[in-house]
Amino acid sequence: MTDNMNTTDFTPEKSLQLISEMIEKSRKDFEKDSGTPMIVWGLTVTAVSAAVAYLLMTTGNPYWNFLWFAIPAIGYPLAYFTYGKKDEKRAKNFLGTAISGVWGTFGVLSILIAVIACFFFNEAIGYITPMIILLLGFSTTLTGLFVRNYVISSGGFITAVAGSVLSIAVSPETMPLLLAGSAVIALLIPGIILNLRKK
């Protein structure tokens with residue numbers, strides 16, 4: 001070993017500064033690239049919800065609720081072809097991993113709730129949509145707080161509160177319209193705003 005060997009000394013202050021800079025860069029990268037995913041999923045949820053609402057109100061057949069499974073069936077392939085390939089090439093960081101974890105958990109819980117409800121169809125049908133709306137609002141709010149973006153967090157908070165309150169007043173047939181509105185507020189509008197900012 002030699003005395004003139006190059007070493008890098010990181011003081012606690014420099015380490016904190018480096019971590020802060022990495023988090024800030026991750027936040028800006030997320031804001032720059034998150035508009036399209038939010039629009040894709042917002043449009044998918046809104047379109048399927050509107051279709052379910054229309055079919056329930058015109059036919060009165062509750063089995064049209066099985067159409068909810070079209071959301072992941074349409075959304076995941078659409079997401080892959082619109083932005084998924086770009087995501088695969090992007091370097092992973094803590095913030096991106098945390099946000100992916102939030103939305104991955106939301107997706108798994110939503111599908112599980114829907115699958116479990118299939119076994120208790122008549123008893124559970126009125127509770128599925130409010131639970132998913134609450135999860136959607138919570139996930140969106142967390143995402144906005146992670147990246148310190150008030151547009152995203154406000155949309156999520158409004159969705160969670162207003163969706164939960166309104167779900168008490170609406171009928172089961174019109175409940176899908178409530179989810180459609182929630183997707184517009186929590187996903188579609190913030191996604192459009194983020195994309196407009198990027199331009």
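A polar contact is a pair of N or O atoms within 3.5 Å; within protein, one atom must be able to donate a hydrogen and the other to accept it. The exercises below use this predicted model.

**Exercise 1. Which backbone atom does a side-chain oxygen of N149 approach at the start of α6?**

Solution. Begin at N149. A side-chain oxygen of this residue comes to within 2.9 Å of the backbone nitrogen of V151. Now compare with the cut-off: a polar contact needs N or O atoms within 3.5 Å.

**Exercise 2. Check the span of helix α6 against its number of residues.**

Solution. Helix α6 covers residues 150–169, which is 20 residues. The expected span is 1.5 Å times one less than the number of residues. For α6 that gives 28 Å. Next, take the C-alpha atoms at the two ends: they are 28 Å apart, so expectation and model agree.

**Exercise 3. Where does α6 bend, and which of its residues are buried?**

Solution. Look at G163: α6 bends there by about 25°. Then turn to burial. G163 is among the buried residues of α6. The others are V151, I152, S153, G155, G156, T159, A160 and S167.

**Exercise 4. Is L178 buried or exposed, and which residues does it touch?**

Solution. First place the residue: L178 sits in helix α7, residues 175–198. Its relative accessible area is 12%. Buried means under 20%, so L178 is buried. Now list the contacts, leaving out residues up to four places away in sequence: L178 touches I133, G163, L166, S167 and V170. Two of these names, G163 and S167, also appear among the buried residues of α6. Finally, consider T129. It is 49 residues from L178 along the chain, yet the two C-alpha atoms are separated by 8.4 Å.

**Exercise 5. How many aromatic pairs does a search of the whole structure find, and how are the rings of Y63 and F66 arranged?**

Solution. The search finds four pairs. In one of them, the ring centres of Y63 and F66 are 6.0 Å apart and the planes meet at 15°. Planes under 30 degrees apart count as stacked, so this pair is stacked. Y63 is exposed, at 53% relative accessibility. F66 is partly exposed, at 37%.

**Exercise 6. What arrangement do W103 and F106 adopt?**

Solution. Their ring centres are 5.4 Å apart, with 80° between the planes. Over 60 degrees counts as edge-to-face, and that is the label for this pair. Both residues lie in helix α4, residues 94–119. They are three residues apart, about one turn of the helix. W103 is partly exposed at 25% relative accessible area, whereas F106 is buried at 16%.

Note on methods:
Residues are numbered from 1 along each chain as its sequence is written. This is a predicted model: local features need pLDDT of at least 70, side-chain atom pairs count only at pLDDT 80 or more; totals for chains, interfaces and linings use all residues. Side-chain values use heavy atoms; hydrogens and water are left out. Helices (H or I, at least four residues) and strands (E, at least two) are DSSP runs, numbered from the N terminus. The bend at a residue is the angle between axes fitted to the seven residues ending there and the seven starting there. Buried means under 20% relative accessible area, exposed over 50%, partly exposed in between (1.4 Å probe, protein chains only). Contact means heavy atoms within 4.5 Å. Rings of Phe, Tyr and Trp (its six-membered ring) pair if their centres lie within 6.5 Å; planes under 30 degrees apart count as stacked, over 60 as edge-to-face and the rest as tilted.
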